[in-house]
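Visitor: I am new to reading protein structures. Could you walk me through one, feature by feature?
Guide: Gladly, let us look at it together.

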Amino acid sequence: MPVILEMEYADGSKEEMRLPAEIWRRNAKQVKKLIVSENELRSVAIDPMQETADADIENNYYPRRIIPSRIESFKSEGGGSLIGRDVMQDIKTQLKTDDDEQDN
Amino acid sequence: MSRTTSLRILRVRDRPRTALLTLLVLLCCLVPSLVTAHEQKTAVTRILFNDSTGNIEVMHRFFIHDAEHAAGVVFGRAQNLMESADSRKLFSNYVMNRFAIAAEDSRGETAELNLQYVGEEIEGQFLWVYQEARQLQDVNALSVVHVALRDIWPDQANLVNVEKDGQIYSLSFADSVESLRVEL
């Protein structure tokens, strides 16, 4: 799996870095990556959009944070899904008819 | 001589008829398996002791395909869980009526948890049904009853994972098991 890093800096800017899966050739258990930056690092997230098949997302953040449970995120706004919107459901959107356009 | 030829003719004439008959028999054998095809007949339930909210959260996960067939059997009419929120509500009610937890404290007294309905949700090929209850202070053991879908298909197998303090305890509802107990 590639390592997808999202770094947040002290000035509020974010940077995404995608390390190809070949990085695991050096060591299959753990890898190191030195990142040189002029900004102060605030937090790091691994795979923030859950693109890889990671079963345990609790250890993906530095500093650690509490991952809301399924029901907690379901109750929170935007539904339980990660992105909050299922693009496939957009196909059900009612199309505007000619009459609607005439009204406008 | 003439007799053998007539016999041969008979056999040749019979051939398409037997072929048709075999085809019919084969089709008849296939029909029931087609109707019940692709049912996974498994469901997973997570019971999570959530310390950050102080609740016991129950998350049932069913295959939509299975649930749709089951709902059709239970409610007597084909249900479309993907499209209809009412159908999902009906199915959620069915699940909640067939699932219960009793908590046992250190003195050995048991009390049934008052599970409240939170909601249902479709994600990919799964239908999730959510329930929750306030967490009790002192829980030593749980008794779980889970017969959802198992009252429809005897070979339905339900797995229940109880997650407490980082430990996972699994209960497997298969064969004729209706109720299981786990010490925490």
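Visitor: Let us start with a hollow in the surface. What volume does the second largest pocket have?
Guide: Please keep in mind that this is a predicted model. The second largest pocket has a volume of about 540 Å³. When you read a pocket, look next at its lining. Here 25 residues line the second largest pocket, and those nearest its centre are V3(A), L5(A), L19(A), V31(A) and I46(A).

Visitor: Which elements give two or more residues to that lining?
Guide: They are β1 (3–9) and β3 (41–46) of chain A. The most comes from β1(A), which gives five residues.

Visitor: How many of the lining residues are nonpolar, polar and charged?
Guide: The lining of the second largest pocket divides into 16 nonpolar, five polar and four charged residues.

Visitor: Now I would like to see the chain behind those strands. What pattern does chain A follow along the sequence?
Guide: Begin by listing the elements, then read their order. Chain A has two helices and four strands, and the pattern along the sequence is β-β-β-β-α-α.

Visitor: In what order do the strands of chain A lie in their sheet?
Guide: Order in a sheet is read from neighbour to neighbour. In chain A the four strands form an open sheet with the order β2-β1-β3-β4 and antiparallel pairing. At the edges stand β2 (14–19) and β4 (61–62) of chain A; each has a single partner strand, so one side of each is left without a neighbour in the sheet.

Visitor: How many bridges join β3(A) to β4(A)?
Guide: Two bridges join these antiparallel strands. To see one pairing, find A45(A): its bridge partner in β4(A) is Y61(A).

Visitor: Loops puzzle me. Where does S13(A) lie?
Guide: S13(A) is found in the loop between β1 and β2 of chain A. For a loop residue, check its cover and then its contacts. S13(A) has a relative accessible area of 29%, and buried would need under 20% while exposed would need over 50%, so S13(A) is partly exposed.

Visitor: Which residues is S13(A) in contact with, leaving aside its neighbours within four places in sequence?
Guide: They are M7(A), E8(A) and N39(A). You can also compare sequence with space: S13(A) and R42(A) are 29 residues apart in sequence, and their C-alpha atoms are 9.8 Å apart.

Visitor: Let us turn to the other chain. How many helices and strands does chain B have?
Guide: Chain B has three helices and ten strands. From the N terminus on, they run α-β-β-α-α-β-β-β-β-β-β-β-β.

Visitor: What share of each chain counts as buried?
Guide: Take the chains one by one. Chain A has 104 residues, of which 21% count as buried. For chain B, with 184 residues, the share is 39%.

Visitor: And how much of the contacts comes from residues far along the sequence, 24 or more positions apart?
Guide: Here we count contacts with a separation of 6 or more. Residues 24 or more positions apart account for 43% of them in chain A, and for 60% in chain B.

Visitor: What about the accessible surface?
Guide: Chain A exposes about 8800 Å², with carbon and sulfur atoms supplying 49% of it. For chain B the accessible surface is about 10900 Å², and 54% of that belongs to carbon and sulfur atoms.

Visitor: Is strand β8 of chain B mostly covered or mostly open?
Guide: β8(B), residues 157–164, is mostly covered, with six of its eight residues buried.

Visitor: In what sense does β8(B) pair with β1 of chain B?
Guide: β1 (residues 42–50) of chain B pairs with β8(B) in the parallel sense, over seven bridges. One place to look is R46(B), whose bridge partner in β8(B) is N161(B). Seven bridges also join β8(B) to β9 (residues 167–173) of chain B, and those two run antiparallel. There, L159(B) stands opposite S172(B) in β9(B).

Visitor: How many residues lie between β8(B) and β9(B) in their hairpin?
Guide: Two residues lie between them, and D165(B) in the turn has a positive phi of about 50°.

Visitor: One last residue, please. Is R88(B) buried or exposed?
Guide: R88(B), which lies in helix α3 (residues 85–97) of chain B, has a relative accessible area of 15%. The cut-off for buried is under 20%, so R88(B) is buried. Apart from neighbours within four places in sequence, R88(B) is in contact with L81(B), M82(B), E83(B), E120(B), I122(B) and L127(B).

Note on methods. Residues numbered from 1 in each chain as written. Chains lettered and ligands numbered in written order. Predicted model: local features only at pLDDT ≥ 70, side-chain atom pairs only at ≥ 80, totals over all residues. Heavy atoms only, no water. Buried < 20%, exposed > 50% of the residue type's maximum accessible area, 1.4 Å probe, protein only. Contact = heavy atoms within 4.5 Å. Areas by Shrake-Rupley, 256 points an atom, 1.4 Å probe, with all protein chains shown as cover. 1 Å grid on protein atoms, 1.4 Å probe; cavity = no way out; pocket = protein on both sides within 12 Å on 5 of 7 lines; lining within 4 Å. Points joined across faces, edges and corners; volume = space filled by probe spheres on them. Nonpolar A, V, L, I, M, F, W, Y, C, P; charged D, E, K, R; others polar. Pairing = 2+ DSSP bridges.
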